[in-house]
Amino acid sequence: MTDEIHDSDIIKPEEMTGETLIDAPQKPGLVVAREILPPLLSILPLSNQPLFPGLIVPLVYEGEEMIHVFREIAKADEQYVGLILVRDEEAPFSTENLFEVGVAAKILKAVEIADHGLHIVVECIERIKANDFTSGPPHIRARVKYHAETSYADNIELKAYTVAIINTIKELLKHNPLHEEELRLFLSRFGLGEPNRLADFAASLTTAGREEMQGVLETYLIFDRMKKVMTLLNREMNVSKIQKRIRSNIDERISEQQRKFFLNEQLHEIQRELGMEEDAGDQEMKRLKKRAEKLKFSAEAGERFDEELRKLSMLDESSPEFSVSRNYLDWLTALPWGRFGKDRYKLKTAERSLNRNHAGLEDVKQRILEFIAIGGRKQEVGGSIILFVGPPGVGKTSIGKAIAEAVNRPFYRFSVGGMRDEAEIKGHRRTYIGAMPGKIIQALKQVRAANPVIMIDEVDKIGNDFRGDPASALLEVLDPEQNSDFLDHYLDVRFDLSRVLFLLTANQLDTVPAPLLDRAEIIRIPGYIADEKVKIARKHLWPRLLQQNGLTRADIRLAPAALKHLVEDYAREPGVRKLEQLLKKIQRKAAMLMASEDKKVVLPLTVNTKNLDEFAGKPKFRDKKQRCGIGMATGLAWTAMGGVILDLEATCVHQDRRGLKLTGQLGKVMQESAEIAYSYITSRLPRYGAAADFFDKAFVHLHVPEGAVPKDGPSAGITMATALLSLALDKAPAAMAMTGEMTLTGEVLPIGGEREKLLAAKRLGIYELILPAANQVDVEELPESIVEGLTIHYARHFDDVAKLVFGIRPRRK
């Protein structure tokens, strides 16, 4: 292909050294082109832009193919070639990729230079149109038709166009003097009485696109051509004016900055002569001293401040150590040394704050009010650590904010989920530029009080690696016996955290480091029942979202039945985060309908059970009923997302040999529970009225559905035993849900998460349950709203379970 360049970019013809392929004799004046131009021309491609008649331009061709073509041209002693623009610069050189119109050009000079390609200088003579290509690439030849320019008689309109183009070119030269030499060269070869040459020359001065330039080249009529050229010139003029204005603005801005700089330097010099000036270092030290006067440093911090200030006074402002020392003093003086907020221990105010932000959770609120009451007696709640445990979206963070509001303390929250570097807790050591204090010190700087409420989220997801153990670093922060002398690595000065109230949150306790659990008071937030979620949505979520989205109750109305349907069939999770997302979706749909200006839309829009799926989509949960049958049993399980129902299935695969197969992605503890249940039932079949040899040759498959979800824990023991006994008795158990760990002797041991499990049963419509007898005390402590409507049976031994679900009285030996 070709790459057109300007005179400044290549070796000039007189400077070319190499093998000269063509050196045309220079004759004074121009020869009439149509008398000598051949009808058959070799075609050379142009890639950047087309060329116009009357121009003398240098070209460079690289690549062996084009150099070989030009050697053939030189060998045939051809002095004229056709130059045509390619349609697509990226496509290969071919006849289909060429425009039809180009120019015939005379080769004035052609030199092949090693490592620099082929350099040629051509004089463009006349427009041509390629009618018939006689050979294909790389050496394309074509029969061409020449467009000979006619002589233009005196024409007033033509003269007006000519004068307009000349004036525009003169104006353009004021903004871009680089075109002045090109204009001088043009005027030396052509006169102003040749409007065709003037139009072509003017077009070549612009920076128009290749398609627009090709359009000018293909315009034969002089008036149409001059109109197009005037359009391009005017656009070029506007671009040049904008560029000049931008350069002028930049120059003015630079000049103004230089002026201010010189004036400031003069002012500093005058002040220095009069003894009135203080350098930046002195000003910085005064600022730090002024801040320190308002603080009540500890003895250690005061000594460190004086030491660092003396060091700062001896450092040069341009020194990197000056910046490090100044940043350290900034942090040291930004901490709330001796500043404490005024606590408030009014239970009525605290209760209003909790009720305003939360519906339900009465037992949790009671625990918090008890905690505040104790703080009021001793006039201090600092040094305490509260760990809120519950599934996502139940309001753990907002409860923390409510506590801070109740005791009138500033609130700060940060998360340690995924944190692997202990320096994020205790800071980086001040050994390099860019070191910073840890999260605790950053929190104190932010709240500007030494007794804030600091919430540390996701402590069950904290990690560790080669960079340290953040959980161990938290021990010094949280331990009341140690945090009175908390030492941040960056400050290297002890700070008293004993009056800070720390709140922790976690989704589950299994992965919380044991030392942290040992230091915290645990408050479980298990989740909301359906009625509580409906109340939260109606009183809190829906009004707040209306305000956020710029809507009012006059725009949209959510029917109570639709809200209940939304809770029960779209958002069954223990929290309200998914419910909030669905309410946002409903309001977005409503806003879009109102913006559509559809005359059928009548305000307020009413969302009811009939049109709810138009706003919120199809229900995510199908009506799931308890499955009953031989070998089936319903269990209750606890997860980090709340309580769930487990449908266990057992079947006899064949009678060839005995065996037990477990599926459903069961964890190690759950597998052991299955083996214990299998061993117990197998050894006591006659006790429950089943054939003693049933499992001798039976290969049993025990499956827990939803195999993609990992499951673990011991509380499915009695459920698995029930499914296996049902298989042996060939009898379906009663429609009950159950939970409890079982031993090899049949004892039913207590479990945890009873509140979540009861809520899960109620959500599914199961109202008769079996729980371990040891959990009766825990159930009696639950709110009445949770156990209301449930029939709970308590079992001490699996015999009690068998009696309830199969109606059999175990035989004694």
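**Exercise 1.** With which residue does R304 form a salt bridge, and how far apart are the closest N and O atoms?

*Solution.* The model is predicted, so local features require pLDDT of at least 70 and side-chain atom pairs pLDDT 80 or more, while totals for chains, interfaces and linings use all residues. Residues are numbered from 1 along each chain as its sequence is written, and side-chain values use heavy atoms, without hydrogens and water.

Step 1. The criterion is a side-chain nitrogen of Lys or Arg within 4 Å of a carboxyl oxygen of Asp or Glu. R304 meets it with D492, the closest N and O atoms lying 3.9 Å apart.

Step 2. The two residues are 188 apart in sequence: R304 belongs to helix α9 (residues 299-313), D492 to the loop between β12 (486-487) and β13 (494-495). Helices (H or I, at least four residues) and strands (E, at least two) are DSSP runs numbered from the N terminus.

Step 3. Buried denotes under 20% relative accessible area, exposed over 50%, and partly exposed in between (1.4 Å probe, protein chains only). R304 is therefore buried at 17%, and D492 is partly exposed at 38%.

**Exercise 2.** Where is the E308 partner R430 placed, and is E308 buried or exposed?

*Solution.* Step 1. The side chains of E308 and R430 form a salt bridge of 3.2 Å, N to O. E308 lies in helix α9, and R430 in the loop between α14 (423-426) and α15 (439-447), 122 residues away.

Step 2. E308 is buried because its relative accessibility is 5%; R430, at 26%, is partly exposed.
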